[in-house]
Amino acid sequence: MRWALVKVSLAVTAMVVVAFAVPLGLVIREMARDRAFAGAEREAAAVAPALSITTDRDQLERVVASAGSGAAMAVHIPAGAGSEALELGQGRASDEDIAAVRELGRASTSTVSGGSALLQPVALSSGEIAVVEVFVPESEVTNGVGTAWAVLAAVGVALILGSVAVADRLGVRMVRPAQRLVEGAYELGEGKLGARVREEGPTELRLAAVAFNSMADQVVQLLANERELAADLSHRLRTPLTVLRLNAASLGDGPAAEQTRAAVEQLEREVDTIIRTARDAKPQTAAAGPGAGCDAAEVVRERMAFWSALAEDEGRKWRVAGADRPVRIPVARADLAAALDALLGNVFRHTPEGTAFAVDVHNGEDAVIVLVSDAGPGIPDPEAAMARGRGSGSDGSTGLGLDIVRRLAEATGGDVRIGSSVLGGTEVRVWIQLDGRERAPRRRGHRGSVRRRRVPGRLAGSFNRSRSLP
């Protein structure tokens, strides 16, 4: 593109220069010719008054000498009554040309050796026609023409070079953004997801750069969503794996039991590997549309029925409150079940056997609060626990469980807070917004910082009355 612009500019400028310079050069040559012959006419006119008065040779020679160069002027006087023909100076024109001027009675020019001759007729007192011949050398006709043409040529070349330089700069301005766009596409194709293109250059290329950067951001987001989905799905396998591990521990001794326990441990390690290798990129979680959602009370009862068997095996006391009547929330059933499994799985995984726990559901006018509390040792650093992917540092912890819960709450405009429960351990409060009017901002970086919300009076009362185990 760059050289194409240069060639087009060169061709157009050259045609413009030729179109203007050639006629201008011809005009300059004609002006120089007219200037030379105008001087010859003035010299001839200076002799005419003397010819109309006298034809004396001596007097005419003095007039010719005073009018111009003697070698450049000649006077042709025809023979008249009682007088002979008179020739003054060195004539160069032919007799035919002189006779034609006498016959026509007007000035004329003829080509002679070394230049041109101006033939000017002058009427004598005797009625005859004398001819004054003024020689105009070729050097006077072309005087200054060569210099003028050289100046025109220099100006034309300068214009052509200038137009080529401007076209080259414009080509660079257009080509460089296109080259950066190509390089960015190659880098993105090679897997360099951070490749972006500067939005500069002509409008079309700027728009192309904007579209490319938007596409690259979308590709990164899609990849992050895929990886996060893999991590979330893998994390959901932790619940049945926990049950399998506990059941395998009760199989007793023997080769089959050992193989089963080894297989469960290997499967846990593989799941942990999948979760940890997933990128730490936050996907966009879409809120449930109108009419979508589930009954939170029903999901809580269902998941507690699942975990109750394990709780009885470990001698844990548990309680469910607020799940005796329907509680509709704008969250998919599978997502809420996964969040509850993540919270309850953390209770079983990070508290000693025999530790009591409780799940409370509080239904308000604009929000639903789900509380999962336990009587364990608690969480010393809640913000670190909320940071995705950091985990608790213990074996089998990936740090994605609370992140699943947080994303579920933020999808509705709610949030998650970690605090101390009345049971003496940890309390995880999941605020699920019902109308979505106060959406929590999407957080990047430190995700442990959450927004404080004022609990409505009626909801706060029921919240405080149901925070102790029976």
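Is D217 buried, partly exposed or exposed? In this predicted model, D217 counts as partly exposed, at 43% relative accessibility. That residue is a handy way into the structure, but a look at the whole protein helps to set the scene.

The protein has 470 residues, and 40% of them count as buried. Its chain is built up from 13 helices and 12 strands. Taking the contacts with a separation of 6 or more, 67% are between residues 24 or more positions apart. One example of distant parts of the chain coming together involves R176 and R2: they are 174 residues apart along the chain, yet their C-alpha atoms are separated by 9.7 Å. R176 itself sits in helix α5 and is partly exposed, with a relative accessible area of 48%. As for the outside, the protein exposes about 25,400 Å², and carbon and sulfur atoms supply 56% of that area.

Back to D217 and its charge partner. Side chains of opposite charge can pair when their charged atoms come close. The structure holds 12 salt bridges, and one of them joins D217 to R196, with the closest N and O atoms 2.7 Å apart. D217 belongs to helix α6 (residues 203–236), while R196 is in the loop between α5 (145–189) and α6, so this pair ties together parts that are 21 residues apart in sequence. R196 is partly exposed too, at 35% relative accessibility.

Another salt bridge links R333 and E298, at 3.6 Å from N to O. Here R333 lies in helix α10 (residues 333–350) and E298 in helix α9 (residues 296–313), so the bridge ties together parts 35 residues apart in sequence. Both ends can be seen from outside to some degree: R333 is partly exposed, with a relative accessible area of 34%, and E298 counts as partly exposed at 36%.

The pair formed by R406 and E410 tells another story. Their side chains meet in a salt bridge of 3.0 Å, N to O, and both residues are buried. They are four residues apart in helix α12 (residues 401–411), which means that about one helical turn separates them. Some salt bridges also share partners, and in this way E298, E302, R303, R333 and D341 are joined into one network.

What about the inside? In soluble globular proteins, nonpolar side chains tend to be buried together. The largest nonpolar core here has 39 residues, and the members that touch the most others are I329, L336 and V430. Several elements give two or more residues to this core, including the helices α9, α10 and α12 and the strands β9 (357–363), β10 (367–374), β11 (415–420) and β12 (426–433). Helix α10 gives the largest share, nine residues. V430 shows what such a crowded spot looks like: leaving out residues up to four places away in sequence, V430 touches L343, V368, I369, V370, V405, A409, D415 and V416. Apart from this core lies another one, of 22 residues, with L51, V64, I77 and V136 among them.

Strand β5 (residues 129–137) is worth a look as well. Seven of its nine residues are buried, so the strand is largely enclosed by the rest of the structure. Strand β4 (residues 115–123) pairs with β5 in the antiparallel sense over nine bridges, and one bridge partnership is that of A123 with I129 in β5. Strand β1 (residues 73–77) also pairs with β5 in the antiparallel sense, over four bridges; there, H76 has V131 of β5 as its bridge partner. The hairpin of β4 and β5 has five residues between the strands, and within this hairpin G127 takes a positive phi near 95°.

Not every nonpolar side chain is tucked away, though. V8, V12, M15, V16 and F20 make a nonpolar surface patch of about 510 Å². M15, one of these residues, is found in helix α1 (residues 2–53). With a relative accessible area of 56%, M15 is exposed, because exposed means over 50%.

Definitions and conventions
Residues are numbered from 1 along each chain as its sequence is written. This is a predicted model: local features need pLDDT of at least 70, side-chain atom pairs count only at pLDDT 80 or more; totals for chains, interfaces and linings use all residues. Side-chain values use heavy atoms; hydrogens and water are left out. Patches are made of residues with over 30% relative accessible area and no salt bridge: like charges are joined within 9 Å, nonpolar side chains (Val, Leu, Ile, Met, Phe, Trp, Tyr) within 5 Å. Accessible areas come from the Shrake-Rupley method with a 1.4 Å probe; for residues, only the protein chains shown count as cover. A salt bridge is a side-chain nitrogen of Lys or Arg within 4 Å of a carboxyl oxygen of Asp or Glu. Buried means under 20% relative accessible area, exposed over 50%, partly exposed in between (1.4 Å probe, protein chains only). Two strands pair if DSSP finds at least two bridges between them. Contact means heavy atoms within 4.5 Å. A nonpolar core is a set of buried Ala, Val, Leu, Ile, Met, Phe, Trp, Tyr and Cys residues joined through side-chain atoms within 4.5 Å.
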